[in-house]
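Visitor: Can you walk me through this one? I'd like to go topic by topic.
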Amino acid sequence: MQEHTSEAARKNPLLERLRSGTRELHDRIEGVVPLLRPDLTLTAYTAYLARIAGYYPPIEAALASAPPSFVEHFGIDERKKSHLLHRDLLALGLDEARLAALPVCSDLPDLSSPDRMIGCLYVLEGSTLGSRVLLRTVKNLGVDEGSGAAFLAGYGADTGPMWVRYGEALAAYASRADAALVVRGAEDTFTTLERWIATAEA
Ligand code: HEM
């Protein structure tokens, strides 16, 4: 992950705390995401998307069930990505019946408080930054935004601005938050997702 300055920490200490508190977990999850492996095939890419398609929907449903003012403040509805996974998997040859039969994760992070939800959202939103790198390699397999890489393309040209808006929403909320719980939400998200990816059947 990028190094960030103490200036950034001064402006948004909670974001910096999330970043430093989960750096190791990020490094660990990189180890189970197969998308940068030199031998990546379209089949392995499709299997990866099918796996995380079992993780995002229940998480996004939990986040969307937060109080409306919270959902609006963090732009939770416009940040949903499950439909992009769905679209990609259809483009990659799965049909609706196979999509409906995909395993759904039940080992989910504890999202019982808004503070934990914010930490979870940090992980999902931050991943759109790294996805820009992953998109470039997946394009070598012959897929693009319209043919199986909509999830990785994410917000496209809006990726930077969407991340900035998340940071601003976080900073505006920070005085009400228990920072330790926010970081716990992010840690739980990284660890449950890592476990879910790592335990996919080959
Ligand atoms: C092989 C897999 C991955 C690679 C190579 C990767 C790479 C990166 C890179 C290069 C950045 C910094 C981008 C920037 O600052 O513009 C980043 C940020 C981030 N990634 Fe990943 N990533 C991977 C997987 C993931 C996964 C699976 C998640 C979680 C779902 C994730 C969560 C994050 C977060 C939260 C940040 C933001 C860190 C911050 O600046 O606070 N990454 N990633």
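Visitor: Where does His26 lie?
Guide: His26 sits in helix H2, residues 13-30. Helices are DSSP runs of H or I with at least four residues, strands are runs of E with at least two, and both are numbered from the N terminus. This is a predicted model: local features need pLDDT of at least 70, side-chain atom pairs count only at pLDDT 80 or more, and totals for chains, interfaces and linings use all residues. Residues are numbered from 1 along each chain as its sequence is written, and side-chain values use heavy atoms, with hydrogens and water left out.

Visitor: Which protein donor does the iron atom of the ligand have?
Guide: A single one, His26, through NE2, 2.1 Å away. Donors are N, O and S atoms within 2.8 Å of the metal (3.2 Å for Na, K and Ca); water is not among the atoms, so sites may look incomplete.

Visitor: Pockets next. What volume does the largest pocket have?
Guide: About 930 Å³. The search runs on a 1 Å grid over the protein atoms alone: a pocket is an open set of points with protein on both sides within 12 Å along at least five of seven lines, a cavity is a set where a 1.4 Å probe fits but cannot get out, and lining residues have an atom within 4 Å of a point. Points are joined across faces, edges and corners, and a volume is the space filled by probe spheres set on them.

Visitor: Which lining residues are closest to the centre of the largest pocket?
Guide: His26, Gly126, Ser127, Gly130 and Ser131, out of 30 that line the largest pocket. So His26 shows up in that group as well as at the iron.

Visitor: And which elements give two or more residues to that lining?
Guide: H2, helix H3 (42-52), helix H8 (114-139), helix H9 (150-153) and helix H11 (179-198). H8 has the largest share, 11 residues.

Visitor: How does the lining of the largest pocket divide by class?
Guide: 20 nonpolar, seven polar and three charged. Ala, Val, Leu, Ile, Met, Phe, Trp, Tyr, Cys and Pro count as nonpolar, Asp, Glu, Lys and Arg as charged, and the others, Gly among them, as polar.

Visitor: How much space lies in the second largest pocket?
Guide: About 440 Å³. It is lined by 15 residues, and nearest its centre are Ala47, Tyr48, Arg51, Ala200 and Glu201. H3 gives the most to that lining, six residues. By class, the lining has 11 nonpolar, one polar and three charged residues.

Visitor: How many cavities of 30 Å³ or more turn up?
Guide: One, in a search of the whole structure. The largest cavity has a volume of about 60 Å³.

Visitor: What lines the largest cavity?
Guide: Glu60, Leu63, Ile76, Arg79, Lys80, Lys81, Leu121, Leu124 and Glu125. That divides into four nonpolar, no polar and five charged. Helix H4 (56-64) and H8 each supply at least two of the lining residues. H8 gives the most, three.

Visitor: Switching topic. How many disulfides?
Guide: Zero. A disulfide is a pair of cysteine sulfur atoms within 2.5 Å.

Visitor: Why no bond for Cys105?
Guide: Because the closest cysteine sulfur, in Cys120, is 11 Å away, too far for a bond.

Visitor: Is Cys105 buried or exposed?
Guide: Buried, with a relative accessible area of 4%. Cys120 is buried too, at 0%. Buried means under 20% relative accessible area, exposed over 50%, and partly exposed in between (1.4 Å probe, protein chains only).

Visitor: What about Arg165?
Guide: Arg165 counts as partly exposed, at 40% relative accessibility. Its place is in helix H10, residues 159-173.

Visitor: Where is Asp158 found?
Guide: In the loop between H9 and H10. Asp158 is partly exposed, at 45%.

Visitor: Zoom out. How many helices and strands are in the chain?
Guide: 11 helices and zero strands. Buried residues make up 47% of the 202 residues.

Visitor: What is the radius of gyration?
Guide: 17 Å for the chain, which agrees with the value near 17 Å for a compact globule of 202 residues. The radius is taken over C-alpha atoms, and the globule rule is 2.2 Å times the number of residues to the power 0.38. Along its principal axes the C-alpha trace spans about 45 × 35 × 30 Å.
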